[in-house]
Amino acid sequence: MTTFKVAIAGFGGVGRATASLLLARRARYRDVYGADVRLVAVCGSRSGAVSAEGLEEANLAALADGLSGPAFIEESGADILIEAGPSDFRTGGPGLAYLQTSLSAGRDTIVISKGALVHSGRELRSLAEGSGAILKLSGAAAAALPTIDLMQHSLKGCEVLEVEGILNATTNYLLDAMTTRGIGFDEALREAQRGGFAEADPRNDTEGWDTACKLLLIANFGLGADLAMDDLAVEGIQSVTTERIETWRGQGLVPKLVGRLWRESGAIRAAVGIRTYLPDNPFANIRGKDKAIRIVTDAMGETLAIGSGKEPLATAGAALKDLEHILVAKAG
Ligand code: HSE
């Protein structure tokens, strides 16, 4: 039995859901991988909990002040870090320092928040390559909707020619509600905020930035591109009016906010914008807060995946799928 010590940095809804799911799956890790997985540390921005023997659910209710930061994770002796802090792609957010420290030290790292990966992806990739740490990011790259895993496992060996994705739950919810229920933009947005899936600043969703972040991660970490946010043309849905929705309806078209990747003159290009689909197109039928990805490859043609997991469990599940890949690599 090999022991794996896991730490979680970032302890909001997703971090907590990830901790609980990990604790609930310990018997599975033992039975399937011969791995004794211990949750040795968790922390939010100011407080945390630590135990070399492994924390239990009861230890997670009350965190102690002062136990936080990259040095706290370092001292916990964790072999694997799961980073689930707030995401800020403009600065890298608090996750950046955790990831720099962890990957420099050779600690296998699972990333849920997009910000640092978008802001400093090249640096973080090179830190991982230099130290030999495994860097996984399913939770950041559309979470319950498999994206990079499809390319790296299910479509392994194929050249990806084109990707099209409905990657943001909020904008899909808004466009769907406006189209099928005839409600206005502001009312639909309030519903998405009540549903808890819109970003704290919903302009990151409605102006296309969240889609752009996920698309950039798929391009850079899934396809080996080196795109920065400035390389993407980004259009949102903030100026979609009920009149425009009515015009599309009259034409029998269904609008979606999609991210697209394609190859041009040997390079990967990326753009986010509104596309309209005929009703029999699978993308026209991605409803509510569901997401979807269509991948076209040279040898295996077209693959379509649709994701509809309930948050925060779905994102926790995506991060712990990454954990199992690490257990396979290390214990298998
Ligand atoms: N606000 C995002 C969405 C969830 O609506 O898809 C986190 O990526």
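Helices (H or I, at least four residues) and strands (E, at least two) are taken here as DSSP runs, numbered from the N terminus. The model is a predicted one, so to speak of local features takes a pLDDT of at least 70, side-chain atom pairs count only at pLDDT 80 or more, and totals for chains, interfaces and linings use all residues. Residues are numbered from 1 along each chain as its sequence is written, and side-chain values use heavy atoms, with hydrogens and water left out.

On that scheme, Pro312 sits in the loop between β13 (301-307) and α12 (313-331). The peptide bond leading into it from Glu311 is cis, with omega near 5°. Another backbone oddity turns up at Ala142, in the loop between β7 (135-136) and α6 (148-154): phi is near 85° there, a positive value in a residue other than glycine. For context, most residues other than glycine have a negative phi, and most peptide bonds are trans.

As for the overall layout, the assignment (bounds from an automatic or database domain assignment) splits the protein chain into domain 1 (2-144 + 312-330) and domain 2 (148-307). Their C-alpha centres are 27 Å apart. Domain 1 puts 17 residues into the contact and domain 2 puts in 20, contact meaning heavy atoms within 4.5 Å. About 1600 Å² is buried between the two domains, with carbon and sulfur atoms giving 62% of it; buried area is the accessible area (1.4 Å probe) that two parts lose on being put together, summed over both.

Then there is the ligand. Around it are Lys114, Asn168, Ala169, Thr170, Phe197, Glu199, Asp205, Asp210 and Lys214, each with a heavy atom within 4 Å. By type, this shell comes out as two nonpolar, two polar and five charged residues (Ala, Val, Leu, Ile, Met, Phe, Trp, Tyr, Cys and Pro count as nonpolar, Asp, Glu, Lys and Arg as charged, and the others, Gly among them, as polar). A polar backbone atom of Phe197 is 2.7 Å from a nitrogen atom of the ligand, and a polar side-chain atom of Asp205 is 2.8 Å from a ligand nitrogen. An N or O atom in the Asp210 side chain lies 3.4 Å from a ligand oxygen. With the ligand, a polar contact is simply a pair of N or O atoms within 3.5 Å. Of the 260 Å² of accessible area that the ligand has on its own, the protein covers 81% (Shrake-Rupley method, 1.4 Å probe). Two or more shell residues come from each of α7 (169-180) and α10 (209-222).

Terms used
Polar contact = N/O pair within 3.5 Å; in protein donor to acceptor, adjacent residues only side chain to side chain.
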